[in-house]
Amino acid sequence: MTSAVSFQKASRHFGSVRAVDAVDLEIAPGEFFAMLGPSGSGKTTCLRLIAGFEQPTSGSISIFGERAEGVPPYRRNVNTVFQDYALFPHLNVLDNVAYGLMVKGVGKPGRHKAAEEALALVRLPGYGARRPGQLSGGQRQRVALARALVNQPKVLLLDEPLGALDLKLRENMQEELKSLQKALGITFVFVTHDQGEALSMADRVAVFNDGKIMQIGTPEDIYQRPKTRFVADFVGSSNVLPPDFVQRYSGQHRWGSLRPESIRVGRAASGEGVSARLVSTNYLGATTKLALDADGLRLHAIVPAGTALPAEGEAVMLTFNREHLHLMDEPA
Amino acid sequence: MRSDGSQSAPLGLKIAAACGLLFLHLPILLIFVYAFTTEEKSFVWPPPGLTTQWFAVTWNRPDVWQALSLSVRVAAISTAIALVLGTLCSAAVSRTRFFGRETISLLVILPIALPGIITGIALRSAFSLADIPFSFWTIVLGHATFCVVVVYNNAVARFRRTSGSMIEASMDLGADGFQTFRHVVLPNIATALLAGGMLAFALSFDEVIVTTFTAGQQQTLPIWMLEELIRPRQRPVTNVVAMVVMLVTLLPILAAYYLTRDGDQIAGSGK
């Protein structure tokens, strides 16, 4: 099957800055794909390469089997939801949504009907006559989504789509985007720096750092089986364990990772375990986050709220299930 | 700043403000009054008598019509040139980064910062070096140097406030460069161009210094007025012309004021 989006050793360099460096990537049709990484990691440049706002310095990119190098954005069957939404302030909502059809020469009745349908799809029916300036942030986001979807793109690109929304709205939009993607069957590629968002929404996640993809896999892969220290640390802030420490428990001299929720914290001298000192506790609502110091090794653990805890500064004993200790590929 | 405007200002301040406004506008009223005086050789106060004969005299003077027509044509062409070049230049400076961008920005603004007499002398010597005879086009060229600045400044300010991703969004939705300019860029900068164009037209219309160096024997309206003041006959004709020009230009200036004010409100509420 042809990939929806395919990168073959694609690079985008700005002078000496390697924004995207020899990236190989295959996104399957109908997939909800997340590009996750810190700012400056190259994920947005990757998105812009797909949209056509950037051209690769070397390597090649194809979209549904067609080579995309040199094809301008307006000749690609790909649409983008911009981070700042980029709605046109001089047009009302209906004309904003109908814009793509207007420039393609669709007549007024036809494009307005399609725009109304797209607005209904994003649950904003009847908002057509308003100006973008009269809408809330969440509503503008939906208009931006409708404006992209009305063109029936083969690939929909979303650049930090939920970044500007507040927490509650963000959670609602996550679910809505996911069900919309399922219903439409369009390939969604979205960029985010929020690992929670990537893990909860995407079918597969690519973790970016320094213009390279560190790991591609399902959210579970990425979360449970990080390949490198960077992935372990960035996705859900795992405890990264040095080879010497890992050797004591697994017999192998390799970097390891241990999720904070896999660590159990008990009173000192309560049997086998790693002795440590409780540095601080941080109440997070449903859970409590503990900062620990095991002989100079900084660890953190997450325990359910209500767990009886020693006082800060006291000695504790840490235990964990051996099988939760994940060994990484990264050479020691 | 105090936010409640309900409190009345003290009487002294009111009088001072009134005096300031009178000082600014009384001389203009004086011009109106002298347009109706019966004394034609000098301006005497109070006017010995009132008459409307100067309107007819002005209407029948061909030199007035020639000067007016030359000024209008020069201002229109200079403004048109300024609109095209100013928009292109502001788009380049505010949309892209390239070597020498800051320098270009400075060089474009320079003509309005330079004293007109320098621009005038420079243009005159350039024209004589290149053996270009004085014509309608040498005046237009001289005026365009500062008209471009006005349009450029207005357009650059507007470009700075419009989101750059809007142009990308338009391209993303299938619009090519021309469609994007027509449907997205132009509507967003239209009021800025209108304001800049009006200002450019007005600047060109009353320009004297650069014009004296680039006009040769031709007379634009302001130059005609200057010459007329030296001559001791039919003086009130100048006042009639001044008055009519003032009243005619007031309308578009008011229109520009209201149009751009509304435009700014729309742009502002989109933020």
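Trainee: In which sense do β11(A) and strand β12 (residues 256-258) of chain A pair, parallel or antiparallel?
Mentor: Strands are DSSP runs of E with at least two residues, helices are runs of H or I with at least four, and both are numbered from the N terminus. Two strands pair if DSSP finds at least two bridges between them. β11(A) and β12(A) have three bridges, and the sense is antiparallel.

Trainee: Which residue in β12(A) stands opposite A:Asn239?
Mentor: This is a predicted model, in which local features need pLDDT of at least 70 and side-chain atom pairs count only at pLDDT 80 or more, while totals for chains, interfaces and linings use all residues. Residues are numbered from 1 along each chain as its sequence is written, and chains are lettered from A and ligands numbered from 1 in the order in which they are written. Opposite A:Asn239 in β12(A) stands A:Leu258.

Trainee: Which are the edge strands of the open sheet?
Mentor: The sheet has three strands in the order β11-β12-β18 of chain A, with antiparallel pairing. An edge strand pairs on one side only. The two that do so are β11 (239-241) and β18 (326-327) of chain A.

Trainee: How many helices and strands does chain A have, and how many are there in chain B?
Mentor: Chain B runs as helix after helix from the N terminus on, with 11 helices and zero strands. Chain A has both kinds of element, namely nine helices and 18 strands.

Trainee: How many of the residues of strand β8 (residues 187-192) of chain A are buried?
Mentor: A residue is buried if 20 or more other C-beta atoms, placed from the backbone, lie within 10 Å of its own, exposed if 12 or fewer do, and partly exposed in between. In a regular strand the side chains alternate between the two faces of the sheet. In β8(A), A:Thr187, A:Val189 and A:Val191 cover one side, A:Phe188, A:Phe190 and A:Thr192 the other, and all are buried. The strand is therefore largely enclosed by the rest of the structure, the count being six of the six.

Trainee: Which residue in β8(A) stands opposite A:Ala34?
Mentor: Strand β3 (residues 32-36) of chain A pairs with β8(A) in the parallel sense over five bridges. Opposite A:Ala34 in β8(A) stands A:Phe190.

Trainee: Which helix makes a right-handed β-α-β unit with β7(A) and β8(A)?
Mentor: Strand β7 (residues 155-159) of chain A runs parallel to β8(A), joined by five bridges, and A:Leu157 stands opposite A:Val189. A crossover is right-handed if, with the strands pointing away from the viewer, the path from the first strand over the helix to the second runs clockwise. The helix in this unit is α5 (residues 167-184) of chain A.

Trainee: Where does the largest nonpolar core lie with respect to domain 1 (5-228) and domain 2 (237-327) of chain A?
Mentor: A nonpolar core is a set of buried Ala, Val, Leu, Ile, Met, Phe, Trp, Tyr and Cys residues joined through C-beta atoms within 7 Å. The largest has 143 residues, and those with the most contacts inside it include A:Ile50 and A:Val189. Its largest share, 12 residues, comes from helix α6 (residues 136-161) of chain B. Domain bounds come from an automatic or database domain assignment, and both domains give residues to this core, so it lies between them.

Trainee: What distance separates the centres of domain 1 and domain 2 of chain A?
Mentor: Chain A is divided into these two domains, and its C-alpha atoms fill a box of roughly 80 × 45 × 35 Å along the principal axes. Taken over C-alpha atoms, the centres are separated by 38 Å.

Trainee: Which element of chain A gives the most to the side that touches chain B?
Mentor: Two residues are in contact if their C-beta atoms, placed from the backbone, lie within 7 Å. The contact takes 20 residues from chain A and 20 residues from chain B. On the side of chain A, β6 (78-81) and α2 (93-103) each supply at least two residues. With three residues, the element that gives the most is α2(A).

Trainee: Does B:Arg161 count as buried, exposed or partly exposed, and which of these is it?
Mentor: The place of B:Arg161 is in helix α6 of chain B. Because B:Arg161 has 15 C-beta neighbours inside 10 Å, it counts as partly exposed.
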